[in-house]
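Could you walk me through this model in the viewer, one selection at a time? I would like to know what to click on and what I will find there.

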Amino acid sequence: MNLSIFPELQYLEAGLYVLGAALLAALLAGVLHRVGIMLLRRMGRNRPYLTNASFIAYRASQACLILFAVRLVLTGAPDETPWLLPLSYLTSVALIAALTWLAMRCIRALSATVVQLNPVSAADNLKARRIVTQTRVLTRSAYFITGLLGLSFVLLTLPGARQFGASLLASAGIAGLVAGIAARPVLGNFIAGMQIAFSQPICIDDVLIVKGEWGRVEEITGSFVVVRIWDERRLIVPLQWFIENPFENWTHKSSTILGTVFLWLDFAVPVPAVRAEFERICKQSLLWDGRVCVLHVTDASERAMQLRLLVSAKDSGAAFDLRCAIREEMIAFIARRYPESLPRLRAALDAEPVKATDPDVEPPAASS
C-alpha cells in the first residue's frame, strides 16, 4: 500500500520503525550487558575492585548501555520522524545522568574495596582507620564534584541553558554576597573535611573527649561527625568544630593508655604489702598489657594518705574495666587483711578539765 498520499500516515510509519529499532537496540544492549557482567565477574575473581564494581555499578552500567543504544538509533533516524528532536534531547540528558550515576557507583565500589582491604576490626587497626577515614571523606568530595560536573554537562546540552550562567553573573551583587554568606558554613565544612582527610586529627573509631563526653567516632560525613557516646547517645559535631577547637584524642597514635586508681588509706597501712598485692592482681588480670604497674604515695592530708595505682591497658575500654577490677579487689584485700588501715577519723579527749584564763569567766564546777 502506497502511503505517500497520506503524509501523516507516512510519518507515523517512520516513527513506528524508529520505535521498534529502539526497543530492539535496548533489548540487545541488555543482553550484551548481562554477558559482559558475567565475563567481568569471571575475570575479576581475584580482583576485589572488579568484583565490587560488577555488583555495585550493575544497574547504572545497564542504564548507560541501554540509553547509549537508543541514542544511536535516534541519531540514525530520518529527519521526518515525529518528536525526534525532543526525544533526542531527552535521551541525551538521561544518558548524561546515567553516566554520572555510573561514575558515582564506580567511586562507591572503589571506596568499598579500600574498606574491604583495610578492616578496622583488626587488633592493630590504626593504619586501617586512617585509610578508611581518608577514603570516606574523599569519596563524599568526589560525589560532590561528579554531581556538579554532571549537572554542568546537562545544562550545556539543553538549548538555552548556556545563558543560565551569564544571567547568574549579571544578577550578582547583593544577591551574590548574600548567597556567599549563606554558603559559608557549607564551604567551611567542605574545606574542613578535606583538612581532616589529609591531616587526620580524627579517624573512624577514634576515642575522643568532646565537650566533656567520652565516645568513639562512628561516622564522618561531608558536614558533620557522629560521635557514639558510651551510653549509646550520639553527639553530632560539625566538621569545622574539630579544626577550630581543641579536643582529646586517646587513639591518635596508639590505642594503648594508662589508667589510675586512687586509694585513701590510714598512715598505718603497710605500703610494701599493698604494692605486692597490687602487682599480683595485675599479673593475673587478662586486661593488663604488661607495660606499667606502679604504686606510689602521691599525697597526704591530716587524716589519711593517698596511694596512686598506675596501670596500662591496650585501649580505653580495657583500662576502665581493669581500673574497676583493681579498685574492687584492693579494697577487699585491705578490708580483709588490714581493716584498721582504712581511713579513720581520729579524736583526742583531755583528761583534765580546761581551766579558764579569763578572770571574768568562772571555772566549771567539778563533778562529784
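Here is a short tour of one helix and two loop residues in this predicted model.

**Stop 1: the helix.** Select α11, residues 316-337. Its 22 residues reach 31 Å from the first C-alpha to the last, close to the 32 Å expected at 1.5 Å a residue.

**Stop 2: its buried side.** Now highlight Ser316, Ala318, Ala319, Leu322, Ile326, Met330, Phe333 and Ile334, the buried residues of α11. Because they cover an arc of only 130° around the axis, they sit on the same side of α11. To see what covers these buried residues, add β1, β2, β6 (257-265), α10 (271-284), β7 (288-300) and β8 (305-313), which are among the elements involved.

**Stop 3: the opposite face.** Turn α11 around and pick Glu328 and Arg336: these exposed residues are carried on the face turned away from the buried side.

**Stop 4: the N-terminal end.** Zoom in on Asp315, which caps this end of α11. One of its side-chain oxygens lies 3.2 Å from the backbone nitrogen of Gly317.

**Stop 5: two loops.** Go next to Lys211, in the loop between β1 (207-210) and β2 (213-220). Its phi is near 55°, a positive value in a residue other than glycine. Lys211 counts as exposed, because its relative accessibility is 60%. Then move to Glu232, in the loop between β3 (224-229) and β4 (234-238). Glu232 is not a glycine either, yet has a positive phi of about 75°. With a relative accessible area of 62%, Glu232 is exposed.

Methods:
Residues are numbered from 1 along each chain as its sequence is written. This is a predicted model: local features need pLDDT of at least 70, side-chain atom pairs count only at pLDDT 80 or more; totals for chains, interfaces and linings use all residues. Side-chain values use heavy atoms; hydrogens and water are left out. Helices (H or I, at least four residues) and strands (E, at least two) are DSSP runs, numbered from the N terminus. Buried means under 20% relative accessible area, exposed over 50%, partly exposed in between (1.4 Å probe, protein chains only). The expected span of a helix is 1.5 Å times one less than its number of residues. The arc is that of the directions from the helix axis to the C-beta atoms. Contact means heavy atoms within 4.5 Å. A polar contact is a pair of N or O atoms within 3.5 Å; within protein, one must be able to donate a hydrogen and the other to accept it, and residues adjacent in sequence count only if both atoms are side-chain atoms.
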